[in-house]
Amino acid sequence: MIKQTIAITFATLFSIGIVQTKANASTLDTRYKTLDVMTEKAMPGSNTSQGMTANSKYAYVARQRSGHNSPMYIERINIKTGQVKDLGNRDIGHGNDITYISGYIYVVRHGGTATGNDVNIYSTSNQTLTYKGSLNIKTDKNKNIDPTGIAWDSSHKRMVYAVGNTLYVTKNNSPKSTIVKQINGKIN
């Protein structure tokens, strides 16, 4: 059945001139019907992951539900059992990156309704996520940055942010610190 369908499909394409033994660009231009450009409404076709962090028990994943302007949500996966729990929609825009520190997850946001807030903080206690606030990240010269990545440096007790290829580190050891300085390291 599959071979017959493939044969019929190729025969049809040959008969209307789409598939030829020698490609002819003008024929393809006039006979090949292009689809409309895919719009945001058509994407994503399935749920997609944006960022992930883990502790000793769970992985937390920032995900986008399929469909037009679908909300982001956080999913918790039990590392030992594989059990997945949807922790609900979150106003985190794209939720580009996420990190876990001592019972809290920090989510780099892009877009959403709370524009201007760069990082959302959630408590992970009681098997749920509870919004605890947001952070606006600025340089020591009071210039806003728009983080695309986040990680906790547990050795130096500093939050590290990426903005494109540039790295920034917090000036003190609180994960809630909002003042950063650019460092020499680059992401290549």
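These legends describe close-up views of a predicted model.

**View 1. The whole protein chain, made of two helices and 13 strands.** The chain has 188 residues, and 34% of them count as buried. It exposes about 11,800 Å². Carbon and sulfur atoms supply 52% of that area. Among contacts with a separation of 6 or more, 29% join residues 24 or more positions apart.

**View 2. The largest nonpolar core, with 13 residues.** Tyr106, Val119, Leu135, Ile137, Ile150 and Tyr161 touch the most other members. Strand E6 (104-108), strand E7 (119-123) and strand E11 (158-163) each give two or more residues to this core. A second core is separate and holds 12 residues. Among them are Tyr60, Met72, Ile92 and Ile98.

**View 3. Asp118, a buried residue without a salt bridge.** Asp118 sits in the loop between E6 and E7. The nearest side chain of opposite charge belongs to Arg109, 7.1 Å away. That distance is beyond the 4 Å limit for a salt bridge. The side chain of Asp118 does reach the backbone nitrogen of Ile137, at 2.7 Å. Beyond its neighbours within four places in sequence, Asp118 is in contact with Val107, Val108, Arg109, Leu135, Asn136, Ile137, Ile145, Asp146 and Pro147. Two of these names, Leu135 and Ile137, also appear in the largest nonpolar core.

**View 4. Arg63 and Glu75, joined by a salt bridge.** A search of the whole structure finds two salt bridges. In this one, N and O are 3.6 Å apart. Arg63 lies in strand E2 (residues 58-64) and Glu75 in strand E3 (residues 72-78), so the pair ties together parts 12 residues apart in sequence. Arg63 is buried, and Glu75 is buried too.

**View 5. Asp140 and Lys171, also joined by a salt bridge.** The closest N and O atoms are 3.7 Å apart. This pair links distant parts of the chain, 31 residues apart. Asp140 is in the loop between strand E9 (138-139) and strand E10 (149-153). Lys171 is in the loop between E12 and strand E13 (179-186). Asp140 is partly exposed, with a relative accessible area of 42%. Lys171 is partly exposed as well, at 43%.

**View 6. Tyr168, a buried residue in strand E12 (residues 166-170).** Its relative accessible area is 10%, so Tyr168 falls under the 20% limit for buried residues. Leaving out residues up to four places away in sequence, Tyr168 touches Thr139, Ile145, Met159, Val160, Tyr161, Val163, Val180, Lys181, Gln182 and Ile183. One of these, Tyr161, belongs to the largest nonpolar core. Ile179 lies 11 residues from Tyr168 along the chain. Their C-alpha atoms are separated by 9.5 Å.

**View 7. Ser123 in strand E7.** Ser123 counts as buried, at 6% relative accessibility. Its side chain makes a polar contact of 3.1 Å with the side chain of Ser125. Not counting residues up to four places away in sequence, Ser123 touches Gly103, Tyr104, Thr128, Leu129, Thr130 and Lys132.

**View 8. Ser49 in strand E1 (residues 48-54).** Ser49 is partly exposed, with a relative accessible area of 45%. Outside its neighbours within four places in sequence, Ser49 is in contact with Val61, Ala62 and Arg63. Ser49 and Ala62 are 13 residues apart in sequence. From C-alpha to C-alpha they are 5.9 Å apart. Arg63 is the residue that bridges to Glu75 in View 4.

**View 9. Asn142 and Lys157, two residues with a positive phi.** Most residues other than glycine have a negative phi. Asn142 is not a glycine, yet its phi is about 65°. Asn142 is found in the loop between E9 and E10. At 57% relative accessibility, Asn142 counts as exposed. Lys157 is not a glycine either, and its phi is about 55°. Lys157 lies in the loop between E10 and E11. Lys157 is partly exposed, with a relative accessible area of 44%.

Note on methods:
Residues are numbered from 1 along each chain as its sequence is written. This is a predicted model: local features need pLDDT of at least 70, side-chain atom pairs count only at pLDDT 80 or more; totals for chains, interfaces and linings use all residues. Side-chain values use heavy atoms; hydrogens and water are left out. Helices (H or I, at least four residues) and strands (E, at least two) are DSSP runs, numbered from the N terminus. Buried means under 20% relative accessible area, exposed over 50%, partly exposed in between (1.4 Å probe, protein chains only). Contact means heavy atoms within 4.5 Å. Accessible areas come from the Shrake-Rupley method with a 1.4 Å probe; for residues, only the protein chains shown count as cover. A nonpolar core is a set of buried Ala, Val, Leu, Ile, Met, Phe, Trp, Tyr and Cys residues joined through side-chain atoms within 4.5 Å. Lys and Arg count as positive and Asp and Glu as negative; His and the chain ends are not counted. A polar contact is a pair of N or O atoms within 3.5 Å; within protein, one must be able to donate a hydrogen and the other to accept it, and residues adjacent in sequence count only if both atoms are side-chain atoms.
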